[in-house]
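Here is a friendly walk through one protein model for someone meeting it for the very first time. Have the sequence and the 3D view open as you read.

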Amino acid sequence: MPNNDWLKHRHNAIHMTIRDVDCDHFDVEDYMARLHEMDVTVFSFFCGGYVTTYPSDLPEQRISPWLGDDDLTHRLVDTAHRYGIKALAMIDLGQLPKEAGDMHPDWCARDEHGQKRIIEDRLYATCPNSSFRLEFTREMVREIVQRYDVDAIKFGGASYGFGGTVCHCDRCREQYAAYSHGKSLPQKRDWSDPNWVEYFHWQNAKTLETVRKLSDFVKELSPNMPVLGNATAFGDPHWTMSSPLDMERIIDLQDILQVEVQERHKAESHPTPWQSPTFAAETANFMSHATDKPVFVVASYFLAWPWRRIAMPYAEQKAYLAQIVANGGSPMVNLSGGPMKVHEDQRGFRAISEIYQFSYAHREYLWGDHSAARIALLYSQDTLTEYGRDDAMERYVEHIRGMELAMNEAHIPYDILSVRQFRSDMAQQYDVILLANMAVLTDEQAEQIRGFADLGGSVIATYETSLYRSDASIRDNFLLHDLFGADYLAHDRVDRLDPQVTAMAYQELDTANQDIFAPLNAHFEGTSLLPAYGRYLRTKVHINSCKALTYGPAMQVFPEGFAYPLSEGRHDASIVARKHPGGGSIIYFTGEPDRAYWLTRALDFRQQLLNAIAFCEHRSRPLLMDAPKTVLATLREKDGHHMVHLINSTGGDRYFDTFIPVFSINMQVFDPDAVYFKATCLSDGRKLELTHNNGYAQVTLDKLTDYEVIRFE
């Protein structure tokens, strides 16, 4: 029975994808010694499945041809424990060795022609509902836990979910027919087809059923054995939607959470856009607030994708891993290509060593801390899946990322919370909640948001927030129309002209406006126009609300001699603002300034979002910083002490390979009672001169090279 005290704190982890060839003369002693030197505390490895690293007695497992008479699993587990490292045995249930698939054809996923789905010549795709996953897995787990003193069982790779395809086997056909009252499996992914929508919900339910069953297998055989799987959060909507995965539901069925942030750029035959450079921070932030259980955030050692033998550049890897530590997660690096001793590209280990050794050396301060933010960005899984669907990145995630980017660049601490977990009494903790195009809201969730405002909290919302039901059907009005102080009338575009004409549009400022909402137009001196972008909703503004900004008429761009409006336009509201009787403020953007900032980087959109946040805060901001926007900052707290994490991403374009030092960073931590008397750089123990100014403890860091934590005590 494993001792699970290790689950009570964070870790530094390595996952090793052991290839067949790695089993040949694997120098376990050298490998574990290297991990120990790097302060790795958890090691995860391929154990069973299509690459089995021990002499299994189960004929369906494919033992590595390079294993010979060796028992690599035994040597890895025993040596890891001797170095004080936890060993997690991984099984990948998404692929099936060809020999096993030929022995058990009912274990294989089927295409629309009834043929086995082939991943490559030696592997079949498994049916998610097959007895391989839902029965035979028990025998695989039994063999491992009875033979080896492993510290957890991990279901890795594509063990959870459907992988984006429809399995047309008889079992799936029968089970879906029973679920859907006789419907046939859909032939293609088509959200306009009600049958596909119902099939998606069936997939979701079956995925959760699989997660529950796999966990039960482990607990039946070893009740105290921790279980974890492999998944992703909302930042990778393609994977989330294809499997499909609902991390908030999976949390309850596992002892440990593992989420991937590996994808950075796909340089394959059809290159795809860069993933957000703060993907790791976003995921760690969200997951660390979704659960108190350990959260492992998996980053790739290699260039993802496709060069799995080439290490990430030092600077980018260090900044990426630092984001995980700075946001409450446990970093786990996915290493493939063999043990470090024989890996072709040694350049990536320096960054891992530096972050892991720093984190471990200061674990007294960093492990077990929590966020000290007073702003919460709410996330809705239903908006992602039911409203966003296959366009979830464009329809929803880009709105979230525009909010994140604006706050990151302004060094504003914030938490990412699930709307399912949000409660009105969080007004004691948060001043402001942000609803970035949260299109789908339930009645209960809306009531919690109203209650938050009643208790003095402020709310900032954008675009179609609360306009859709859980089945993605549009409402006649915003569910939160009473809170917004506006009624929905119609959808529109700011550049509404003849489609053949390239148009431009602007928001119009009222420079004479000196009422209480004037701060919403702060920092726009010298202009009466702001850019307008994309879609917006025409609204009827309530009598107790204010049109803080309006959309002017669209005009053509070229030829410039004709670039002027031909009508006065409707002057629809761009921002609707009101003071709430509870004491807070309500700001509703009828358009999409969050997504506009993410896509265009036009600074006026950022300033509008920052103005709204500043207007809504009713307490002093917990952290003030004077630093370039490329410095990422988080504010953490433990035992009454604050830590400011600073990550220097001033390295240019991805992949960024150089840290450009930043000088004279002034930071102020809210300290109204002047209790802080010392500020220390954790990297080298230097004491910074600390002064008090207007309720803040203030220090200046002379130079930031890459990653630093300032501890106020």
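## Hollows inside the model

Search the whole structure and you find 5 cavities of 30 Å³ or more. Keep in mind that this is a predicted model.

Let's start with the largest cavity, which holds about 260 Å³ of space. It has 25 lining residues, and Asn285, Asn327, Asn408, Ala633 and Thr634 are the closest to its centre. Which elements help build that wall? At least two lining residues each come from α9 (279–290), α10 (314–326), α14 (392–409), β27 (631–638) and β28 (641–648). Of the lining, β27 gives the largest share, with 5 residues.

The second largest cavity offers about 70 Å³ of space. Around it sit 13 lining residues, and nearest its centre are Gln507, Tyr551, Glu592, Pro593 and Phe605. Two or more of the lining residues come from each of α17 (593–600) and α18 (603–616).

Besides these cavities, there are pockets to look at. The second largest pocket has a volume of about 620 Å³. It is lined by 26 residues, with Ser288, His289, Thr291, Asp292 and Asp369 closest to its centre. Here α9 turns up with the largest share of the lining, 3 residues. At least two lining residues each also come from β12 (370–371) and β14 (415–418). As for α9, it also gives at least two residues to the lining of the largest cavity.

Here is how the three linings break down by class.

| Space | Nonpolar | Polar | Charged |
|---|---|---|---|
| Largest cavity | 11 residues | 10 residues | 4 residues |
| Second largest cavity | 8 residues | 4 residues | 1 residue |
| Second largest pocket | 8 residues | 11 residues | 7 residues |

## A helix and the strands beside it

Now zoom in on α15, a helix of 12 residues covering 443–454. From its first C-alpha to its last it reaches 16 Å, close to the 16 Å expected at 1.5 Å a residue. Which residues of α15 are buried? They are Gln445, Ala446, Gln448, Ile449, Arg450, Gly451, Phe452 and Ala453. So what do these buried residues pack against? Their partners are β15 (432–435), β16 (458–462), α16 (481–484) and β25 (585–589). After the helix comes Gly456, with a positive phi near 105°.

One of those partners, β16, is worth a closer look. How many of its residues are buried? The count is 5 of 5, so this strand is mostly covered. In a regular strand, side chains alternate between the two faces of the sheet. In β16, Ser458, Ile460 and Thr462 point one way, while Val459 and Ala461 point the other way, and all are buried. Alongside runs β15, parallel to β16 and joined to it by 4 bridges. Across from Ile460 of β16 stands Leu434.

## Backbone oddities

Finally, a few spots where the backbone does something less common. Most residues other than glycine have a negative phi, and most peptide bonds are trans.

Where are the cis bonds described here? One joins Ser243 and Pro244, with omega about -20°. Pro244 sits in the loop between α7 (237–242) and α8 (247–250). Another cis peptide bond links Phe558 to Pro559, and its omega is about -10°. You'll find Pro559 in the loop between β23 (555–556) and β24 (573–579).

Then there are two residues with a positive phi that aren't glycine. Arg389 has a phi of about 50°, and it lies in the loop between α13 (381–388) and α14. His523 has a phi near 70°, and its place is the loop between β19 (506–508) and β20 (529–531).

Is Arg389 buried or exposed? Its relative accessibility is 17%, so Arg389 counts as buried, since the cut-off for buried is under 20%. And is His523 buried or exposed? At 58% relative accessibility, His523 counts as exposed, because exposed means over 50%.

Note on methods: Residues are numbered from 1 along each chain as its sequence is written. This is a predicted model: local features need pLDDT of at least 70, side-chain atom pairs count only at pLDDT 80 or more; totals for chains, interfaces and linings use all residues. Side-chain values use heavy atoms; hydrogens and water are left out. The expected span of a helix is 1.5 Å times one less than its number of residues. Buried means under 20% relative accessible area, exposed over 50%, partly exposed in between (1.4 Å probe, protein chains only). Contact means heavy atoms within 4.5 Å. On a 1 Å grid over the protein atoms alone, a cavity is a set of points where a 1.4 Å probe fits but cannot get out, and a pocket is an open set with protein on both sides within 12 Å along at least five of seven lines; lining residues have an atom within 4 Å of a point. Grid points are joined across faces, edges and corners, and a volume is the space filled by probe spheres set on the points. Ala, Val, Leu, Ile, Met, Phe, Trp, Tyr, Cys and Pro count as nonpolar, Asp, Glu, Lys and Arg as charged, and the others, Gly among them, as polar. Two strands pair if DSSP finds at least two bridges between them.
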